[in-house]
Amino acid sequence: MIAATGTGAVAGSVAGTGAVPVLRPAPPPPEMRGRTRIAGRVVAKIACCAAEELPEVLRVRPGGTSRSRRPDAEVRGEQATVHLNVSVAYPSPLRAVAARLRQHVIARVAAQTGLNVTRLDVTMTGFGGDLP
């Protein structure tokens with residue numbers, strides 16, 4: 001038998017067994033039990049999946065240009081930066097697609113990770129049937 005108290009739980013005996021009750025401290029609240037770290041590659045994968053949800057987007061790859069060495073996504077504290085390479089369908093208005101893509105990806109990453117995307121770089125690498 002375990003009874004909850006304001007300071008912890010008391011494990012007691014069944015009536016008549018003579019066992020001594022043992023005090024157990026209450027566990028700390030969930031937010032105090034540890035840390036959750038979200039890797040940059042997880043943020044990049046979520047961002048790619050979110051970008052592919054737009055109908056104009058044909059293909060998405062994480063990362064900067066092929067000449068850059070920057071990572072796909074970086075997480076620092078509660079903030080993230082993301083870099084995507086995107087191919088879109090012809091005749092899509094590129095700036096309008098990029099604006100919608102930024103808004104959608106930022107919202108999706110925030111909803112799934114709780115991170116604030118402070119920067120989302122979009123490189124248009126293909127247009128129409130020209131896939132990278």
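Q: Which residues does V105 touch, once residues up to four places away in sequence are not counted?
A: V105 touches A47, A50, A51, L84 and L120, where contact means heavy atoms within 4.5 Å. This is a predicted model, in which local features need pLDDT of at least 70 and side-chain atom pairs count only at pLDDT 80 or more, while totals for chains, interfaces and linings use all residues. Residues are numbered from 1 along each chain as its sequence is written, and side-chain values use heavy atoms, with hydrogens and water left out.

Q: What makes V105 stand out in the largest nonpolar core?
A: V105 is listed with V82, L84, V86 and L101 as having the most contacts inside this core of 24 residues; such a core is a set of buried Ala, Val, Leu, Ile, Met, Phe, Trp, Tyr and Cys residues joined through side-chain atoms within 4.5 Å. Helix 1 (40-51) is among the elements that supply at least two residues each, and helix 1 gives the most, with 7 residues.

Q: Why is strand 6 called largely enclosed by the rest of the structure?
A: Of the 10 residues of strand 6, 9 are buried, so the strand is largely enclosed, buried being under 20% relative accessible area with a 1.4 Å probe and protein chains only.

Q: How do you know that strand 6 and strand 7 pair?
A: Pairing requires that DSSP find at least two bridges between two strands, and strand 6 and strand 7 have 10, in the parallel sense; H83, for instance, has D121 in strand 7 as its bridge partner. Strand 4 is joined to strand 6 by 5 bridges, running antiparallel, with V60 opposite V86.

Conventions:
Buried means under 20% relative accessible area, exposed over 50%, partly exposed in between (1.4 Å probe, protein chains only). Helices (H or I, at least four residues) and strands (E, at least two) are DSSP runs, numbered from the N terminus.
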